[in-house]
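The following exercises invite the reader to work through a structure step by step. Each task is followed by a full solution.

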Amino acid sequence: MVRVADIIGALLRGLTTARIQSDIFSSQASQQYLEDPNLRSYPVPRAEIRQADINMRMAVQETVQRNVDELTLVEQLLLEELAEYLQTILAISVPAVSDPTLVQSLSLHLGAQQDAFVEQVTDALSSYVTNNLDAVKLELLDNPKSFGSKTWRDETADAVEAAVVALAADVDLGGVQFGKDVQDASSAFANKLQVEAQLEIDLALAAFFDLDLAVKKDQIITLPEHVMSEIKLQVTMDNYEWSSVKNAQGEVTNRLTQK
Amino acid sequence: MSHFVILGRVGAHLIDELDKVLARAKSPGGGVGVGVWLRTVEVAIPFASSDGSDVSPTTIVVGETPLPLAVARELLLPLQQAVLVSAADVDAASPSSRGVLVMRVTLPRPDSPDSPNEPFNPTT
């Protein structure tokens with residue numbers, strides 16, 4: 001892959017090399033001028049590059065995506081959205097075991113146990129996501145309908161039931177309506193997450209890339225004008241020469257200083 | 001068709017590449033010539049909107065006159081359009097969905113030889 005830094009770096013290196021070769025040539029020429037009685041009275045020619053303006057034409061051959069950790073993106077998104085998801089679960093109405101006529105939201109049934117319930121369900125669902133991340137990501141992105149109406153619904157129902165049992169909460173989760181309400185919530189969650197996860201992945205891919213450039217004549221000669229990129233560089237060449245300085249101890253130090 | 005990229009990130013990527021050039025110039029044996037000062041860089045890079053929508057204005061200029069890299073980075077942040085930049089994609093796009101990002105930046109002069117930490121100032 002050819003990158004912008006490679007091209008500019010090579011050009012700057014080339015300028016330095018050109019200057020060195022020019023100086024070597026001048027050095028050799030000065031010796032010849034010295035030895036030739038006819039040339040001795042002529043000034044020795046010396047080319048010096050002080051500034052260069054360079055225009056380059058190139059084309060972007062390809063945008064090369066850098067690795068984007070899609071699994072981590074999906075995991076983070078799922079875990080971030082869990083709290084809001086659980087609020088929809090807590091809003092589902094269910095009857096009490098002790099009084100089937102008392103139908104109210106899960107959160108009202110739980111009362112002071114709500115925080116413990118949320119913690120247990122969050123832990124269960126987080127563990128499931130983390131331990132099955134490959135499968136979760138694949139199904140969520142490719143088939144959110146299946147993920148929401150089955151996989152995530154089942155995991156949610158199991159986690160809720162386990163928490164209710166562990167807390168000995170007075171709620172009856174055996175009704176058909178509860179299963180349907182969980183499925184509605186998990187389906188909506190999956191649909192929303194699929195859109196958000198895909199957007200996050202697309203944005204990450206859009207932000208992390210390299211440009212592979214076409215610079216060789218045979219690569220760009222047939223390309224139309226409207227696809228050609230251009231880079232213009234203005235370069236100044238500083239010349240340096242050795243100078244000797246004495247430090248406080250009287251030691252001579254040779255330094256490169258700008259001419 | 002390639003994956004789309006964010007227009008501002010295209011400019012930021014070019015600045016990242018210039019930062020690499022500066023870093024190489026500072027490192028001994030970095031391969032960038034001693035005493036070479038890359039003063040200004042102007043880049044013109046064609047793009048096409050990723051969804052085929054019309055691009056207006058067709059030329060987006062970051063730096064009418066060359067700007068320091070940090071300033072150019074700031075100005076690139078609002079350019080959040082999704083675009084395609086590969087030659088094949090730009091060529092395949094309709095003329096009205098094509099644009100050009102022009103960016104002009106100045107680069108700092110390499111450390112002076114008098115600087116105590118001057119990397120290309122060997123002493124003997």
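Helices and strands are here DSSP runs, with at least four residues for a helix and at least two for a strand, numbered from the N terminus. The model is a predicted one.

**Exercise 1.** Describe the make-up of chain B: how many helices and strands does chain B have, and in which pattern do they follow along the sequence?

*Solution.* Counting the elements gives 3 helices and 5 strands for chain B. Reading along the sequence then yields the order β-α-β-β-α-β-α-β. Of the 124 residues in chain B, 38% are buried. Finally, consider the contacts in chain B with a separation of 6 or more: 86% of these link residues 24 or more positions apart.

**Exercise 2.** Determine which element of chain B supplies the largest share of the side that touches chain A.

*Solution.* Begin with the totals: 43 residues of chain A and 41 residues of chain B take part in the contact. On the side of chain B, at least two residues each come from β1 (5-6), α1, β2 (36-49) and α3 (87-92). The largest share belongs to β2(B), with 11 residues. Sorted by class, this side of chain B comprises 21 nonpolar, 12 polar and 8 charged residues.

The strand β2(B) is also joined to strand β5 (residues 229-237) of chain A by 8 bridges, and the two strands run antiparallel. Within this pairing, Val36(B) is the bridge partner of Met237(A).

**Exercise 3.** Classify the packing of α1(A) against α1(B): what is their relative orientation?

*Solution.* Helix α1 of chain A spans residues 4-35 and helix α1 of chain B spans residues 7-26; their axes lie 8 Å apart at an angle of about 40°. Angles under 35 degrees would count as roughly parallel, and 65 to 115 as roughly perpendicular. The helices α1(A) and α1(B) are therefore oblique to each other. The crossing is right-handed.

From α1(A), the contact uses Val4(A), Ala5(A), Ile8(A) and Gly9(A); from α1(B), it uses Leu14(B), Glu17(B), Lys20(B), Val21(B) and Arg24(B). By class, these are 5 nonpolar, 1 polar and 3 charged residues.

**Exercise 4.** Examine the backbone at Pro57(B) and Ala168(A).

*Solution.* Most residues other than glycine have a negative phi, and most peptide bonds are trans. The peptide bond from Ser56(B) to Pro57(B), however, is cis, with omega near -5°. Pro57(B) sits in the loop between β2 and β3 (59-68) of chain B.

Ala168(A) is not a glycine, yet its phi is positive, at about 50°. Ala168(A) belongs to the loop between α6 (144-167) and α7 (176-207) of chain A. Because Ala168(A) has 7 C-beta neighbours inside 10 Å, it counts as exposed.

Notes
Residues numbered from 1 in each chain as written. Chains lettered and ligands numbered in written order. Predicted model: local features only at pLDDT ≥ 70, side-chain atom pairs only at ≥ 80, totals over all residues. Axes fitted to C-alpha atoms, helices over the stretch in contact; angles between N-to-C directions. Parallel < 35°, antiparallel > 145°, perpendicular 65-115°, else oblique. Left-handed = near helix turned anticlockwise from the far one by under 90°. Contact = placed C-beta atoms within 7 Å. Nonpolar A, V, L, I, M, F, W, Y, C, P; charged D, E, K, R; others polar. Buried ≥ 20, exposed ≤ 12 C-beta atoms within 10 Å, placed from the backbone. Pairing = 2+ DSSP bridges.
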